[in-house]
Amino acid sequence: MPNRLLLRETEEGTAAGIYGLIVSGAVMATSHAHSALATALAVLVTLAVYWSAERYARLVAERIHDGHRPAWPVVRRQLSTGWEIVTASALPLAVLVVLELFGVEQFPAVLLALACNTALLSLAGWEVGRSGRLSTAERLVSTAVAGSFGVALVALKAALH
């Protein structure tokens, strides 16, 4: 059974969750906010903008390709899907904010949140391999590729510090 924290009911939901982890990690890595709460807010606003832009682009594309205004059920479906881009980052953001509440300084708190993010990406790579019926070696490659996005973001944060 797939891990429901990472893999959603639809292909789009799973992709949105993985993409959300990568985008949230990028925002954490490059943020110059002075608190974990401000960084978390920057992540959430950025993810909400990405979600809105994607939904808008899909609706516009449907209108262009179908040649008419999308019906209300289509609009409703578009506005009620893809939220995984935002919600998948809940755990890394919780780590970030809780660490600040316990007095951990900003830089190490962000690094630990990015480590959590990297672990989730790696776990997603492993779970995708299970659902895709990959061999163990292929699952390890899938895990390494997914985790490499997080590792790159940790390296970026370290380079910017």
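This passage describes the fold, the helix H2, the nonpolar cores and one buried threonine of a predicted model.

Residues are numbered from 1 along each chain as its sequence is written, and side-chain values use heavy atoms, with hydrogens and water left out. As the model is predicted, local features need pLDDT of at least 70 and side-chain atom pairs count only at pLDDT 80 or more, while totals for chains, interfaces and linings use all residues.

The chain has 7 helices and 0 strands, where helices (H or I, at least four residues) and strands (E, at least two) are DSSP runs numbered from the N terminus. Its C-alpha trace spans about 55 × 40 × 25 Å along the principal axes. Of the 161 residues, 37% count as buried, that is, under 20% relative accessible area with a 1.4 Å probe and protein chains only. Taking contact as heavy atoms within 4.5 Å, 73% of the contacts between residues at least 6 apart in sequence join residues at least 24 apart. About 9000 Å² of the chain is exposed, and carbon and sulfur atoms supply 69% of that area; accessible areas come from the Shrake-Rupley method with a 1.4 Å probe.

Helix H2 covers residues 36-66, and its end C-alpha atoms are 44 Å apart, in agreement with the 45 Å that its 31 residues should span at 1.5 Å a residue; the expected span is 1.5 Å times one less than the number of residues. Its buried residues are Ala36, Thr39, Ala40, Val43, Leu47, Trp51, Arg55, Leu59 and Glu62. The cover over them includes helices H1 (11-30), H3 (72-79), H4 (84-87), H5 (90-101) and H6 (106-131). Just after H2, Gly67 adopts a positive phi of about 80°.

Val43 and Leu47 reappear in the largest nonpolar core, of 20 residues, where they are listed with Met28, Ile85, Leu93, Leu96 and Leu114 as having the most contacts inside it. Here a nonpolar core is a set of buried Ala, Val, Leu, Ile, Met, Phe, Trp, Tyr and Cys residues joined through side-chain atoms within 4.5 Å. H1, H2, H4, H5 and H6 each give two or more residues to this core. Apart from it lies another core of 5 residues, including Ala88, Cys116, Leu120 and Leu121. Leaving aside neighbours within four places in sequence, Leu114 is in contact with Gly25, Met28, Ala29, Leu153, Val154 and Lys157.

Thr143, in helix H7 (residues 136-160), is buried, with a relative accessible area of 17%. Its side chain reaches the backbone oxygen of Arg139 at 2.8 Å. Not counting residues up to four places away in sequence, Thr143 touches Ser122, Gly125 and Trp126.

Terms used
Buried means under 20% relative accessible area, exposed over 50%, partly exposed in between (1.4 Å probe, protein chains only). A polar contact is a pair of N or O atoms within 3.5 Å; within protein, one must be able to donate a hydrogen and the other to accept it, and residues adjacent in sequence count only if both atoms are side-chain atoms.
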